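Biologist: Please take a close look at the charged side chains of this model, and at how they pair with one another. I would like one connected account that also places these pairs within the fold as a whole.

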Amino acid sequence: MSEPQNPSYFKRHIFFCLNQRAQGEACCAQHQAQEAFDHCKQKVRDLGLAGPGQVRVNKAGCLDRCAGGPVAVVYPEAVWYTFVDTADLDEIVERHLQHGEVVERLRLPESVGR
């Protein structure tokens, strides 16, 4: 995947949906999204990828793809991921955030919405 012509302050952002819905509706918070966010943030730090010109790990409210939860999206490539465990997150960090390689097996299908 090619790098942007005019890079922004961060090379890549990963946004984790941490939304909690009322009355038991499907949401990412039901799938340990906060723990996934915390793990990813630490993994990015441990690999020395955090900071200006590199990677930013962000919390997000509802990303409106609840049925695929938990979900995260990486920009600027706009690649949506779903994941099961910390090994999946490590793979996203090491392959996509560090090396720019999309992890196809973890991509959220386009048809998955709310």
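Modeller: For the count of charges, Lys and Arg are taken as positive and Asp and Glu as negative, while His and the chain ends are left out. On that basis the protein, which is a predicted model, carries 13 positive and 15 negative charges, and the mean positions of these two sets lie 5 Å apart.

The setting for the pairs is a chain with two helices and four strands, whose elements follow one another from the N terminus in the order β-α-β-β-β-α. The radius of gyration is 14 Å, close to the 13 Å that the globule rule gives for 114 residues, so the protein is as compact as a globular protein of that length. Of the contacts between residues at least 6 apart in sequence, 64% join residues at least 24 apart, and buried residues account for 44% of the 114 residues.

Seven salt bridges are found in the structure. One of them joins the side chains of Glu77 and Arg12, with 2.8 Å from N to O. This pair links distant parts of the chain, since Arg12 belongs to strand E1 (residues 12-17) and Glu77 to the loop between strand E3 (71-75) and strand E4 (79-82), 65 residues apart. Buried here means under 20% relative accessible area, and therefore Glu77, at 17%, counts as buried, as does Arg12, at 1%.

Another salt bridge pairs Arg105 with Glu91, and their closest N and O atoms are 2.7 Å apart. This pair, too, links distant parts of the chain: Glu91 sits in helix H2 (86-97) and Arg105 in the segment after that helix, 14 residues apart. The two partners differ in exposure, because Arg105 has 55% relative accessibility and counts as exposed, whereas Glu91, at 19%, counts as buried.

A further salt bridge is formed by the side chains of Arg107 and Glu104, at 3.5 Å from N to O. In this pair Arg107 is partly exposed, with a relative accessible area of 32%, and Glu104 is exposed at 51%. Salt bridges that share partners also join Asp88, Glu91, Arg95, Glu101 and Arg105 into one network, so that the pair of Arg105 and Glu91 described above belongs to that network.

Note on methods. Residues are numbered from 1 along each chain as its sequence is written. This is a predicted model: local features need pLDDT of at least 70, side-chain atom pairs count only at pLDDT 80 or more; totals for chains, interfaces and linings use all residues. Side-chain values use heavy atoms; hydrogens and water are left out. A salt bridge is a side-chain nitrogen of Lys or Arg within 4 Å of a carboxyl oxygen of Asp or Glu. Buried means under 20% relative accessible area, exposed over 50%, partly exposed in between (1.4 Å probe, protein chains only). The radius of gyration is taken over C-alpha atoms; the globule rule is 2.2 Å times the number of residues to the power 0.38. Contact means heavy atoms within 4.5 Å. The place of a charge is taken as NZ of Lys, CZ of Arg, CG of Asp or CD of Glu.
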